[in-house]
Amino acid sequence: MELTDANLIARVIVEDDQHAFGELVRRHQSSVRGLLRQLTRTDIALADDLAQEAFLRAYKNIRSFRGEAKFSTWLYRIAYNCFREDARRRKELVGIDDAQWESESDPQAADPALRHDLMYALSLLPLHERTAILLCCQNGLSHEEAARVLDIPLGTVKTNVLRGREKLKRALAAWGSS
Amino acid sequence: MEEIIQEDPLDEQLREAMPYIDDGGFTLRVLRHLPSPRRPRQSLRAVILLGTTLLASVLGYVLSENGRFVRVIIERLATMPMLGVFALALISGMLLTALGLLAAMAESHES
């Protein structure tokens, strides 16, 4: 019988069982790495480094996981925080402001072959809308869960999802007619 | 109450656009960077057990009129029939073996 996430977490907490933690990583690595790849605009190496950092933080802080939210939601929150911290460091190095950074286009996605691609359209969204879309529409989190992950008000998440969806639909429709 | 997000064809497209990412050694890399697992402090455990044993022995000696019970037990053993001494030795041996086995099993489970 396959152990649940809760069973594995209990093993990690009580017995410091690293094999159990390895199983948790195996189960959630795809969604966490996928989220970070989208947030970093397909910078795979950076996304994987951030995912590794997120899992290491999860291991160190697993005793603070109370089981009030799903384990995956808790992981997304840690991963998102890793991404934000890394982005803040980069912004400080480059010296651009928040508005510039959030609306910045992806230079790697400028390939004309990808113009009609849904993921390209997603990468053009501002960060706050892109993140909300990724969590709610792609990873299936509820608005409440996404608000917890992003640490922003519920209404803001709803607005960001709505606006992001509209922009994506407009982009896809425009490309479809051209 | 958790709000159920209405299914949208766009959501389906987005989910399909994100394929499963193969592990490709990622989990192993994470496990390699984990801190060493906590080991029980064996030396502390031994000190506690030894200390408790010594304390109990001293207390037993003092409270029994300077070890009078030891003399009494030796006298009893000396006058005990041979079969009784043999049974006592057998039971003690079996008890120690069982304890040793339990300790070995616990140790192999930990490692």
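Colleague: How many of the 12 residues of α7(A) are buried?

Modeller: This is a predicted model. In it, 10 of the 12 residues of α7(A) are buried, so the helix is largely enclosed by the rest of the structure. The buried residues of α7(A) are Glu129(A), Arg130(A), Thr131(A), Ala132(A), Ile133(A), Leu134(A), Leu135(A), Cys136(A), Cys137(A) and Gln138(A). After α7(A) comes Gly140(A), whose phi is positive, near 75°.

Colleague: How is one to read the packing of α7(A) and α8(A), and at what angle do their axes cross?

Modeller: Two packed helices are described by the angle between their axes and by the distance between those axes. Here the axes of α7 (residues 127-138) and α8 (residues 143-150), both of chain A, come within 9 Å and cross at roughly 130°. That angle makes α7(A) oblique to α8(A). The crossing of α7(A) past α8(A) is right-handed.

Colleague: Which residues of α7(A) and α8(A) meet?

Modeller: From α7(A) come Thr131(A), Ala132(A), Leu135(A) and Cys136(A); they meet His143(A), Ala146(A), Val149(A) and Leu150(A) of α8(A). By class, the residues of this contact are 6 nonpolar, 2 polar and no charged. A general rule helps in reading such lists: an α-helix has 3.6 residues a turn, so residues three or four places apart point the same way.

Colleague: How do the axes of α2(A) and α3(A) cross?

Modeller: The axes of α2 (residues 18-39) of chain A and α3(A) come within 9 Å and cross at roughly 140°. The two helices are therefore oblique to each other, and their crossing is right-handed. Among the residues making the contact are Phe21(A), Val25(A) and Leu36(A) of α2(A), and Ile44(A), Leu50(A) and Phe55(A) of α3(A). The contact of α2(A) with α3(A) has 11 nonpolar, 1 polar and 3 charged residues.

Colleague: Which elements of chain A have the lowest and the highest mean pLDDT?

Modeller: Where pLDDT is low, the predicted coordinates should not be read in detail. Chain A averages a pLDDT of 85, and 83% of its residues score at least 70. Among the elements of chain A, helix α5 (residues 98-103) has the lowest mean, 54, and helix α3 (residues 44-60) the highest, 95. Over residues 105-115 of chain A the pLDDT is below 50, and this stretch has 13 contacts in the model beyond near neighbours in sequence.

Colleague: How many residues does each chain bring to the contact between chain A and chain B?

Modeller: Chain B brings 23 residues and chain A brings 25. On the side of chain B that touches chain A, α1 (9-17) and α2 (26-32) of chain B are the elements giving two or more residues. The most come from α1(B), with 6 residues. This side of chain B divides into 12 nonpolar, 3 polar and 8 charged residues.

Terms used: Residues are numbered from 1 along each chain as its sequence is written. Chains are lettered from A and ligands numbered from 1 in the order in which they are written. This is a predicted model: local features need pLDDT of at least 70, side-chain atom pairs count only at pLDDT 80 or more; totals for chains, interfaces and linings use all residues. Axes are lines fitted to C-alpha atoms, for helices over the stretch in contact, and angles run from 0 to 180 degrees between N-to-C directions. Helices (H or I, at least four residues) and strands (E, at least two) are DSSP runs, numbered from the N terminus. Angles under 35 degrees count as roughly parallel, over 145 as roughly antiparallel, 65 to 115 as roughly perpendicular and the rest as oblique. A crossing is left-handed if the near helix is turned anticlockwise from the far one by less than a right angle, and right-handed if clockwise. Two residues are in contact if their C-beta atoms, placed from the backbone, lie within 7 Å. Ala, Val, Leu, Ile, Met, Phe, Trp, Tyr, Cys and Pro count as nonpolar, Asp, Glu, Lys and Arg as charged, and the others, Gly among them, as polar. pLDDT is the predictor's confidence in each residue, from 0 to 100. A residue is buried if 20 or more other C-beta atoms lie within 10 Å of its own, exposed if 12 or fewer, and partly exposed in between; C-beta atoms are placed from the backbone.
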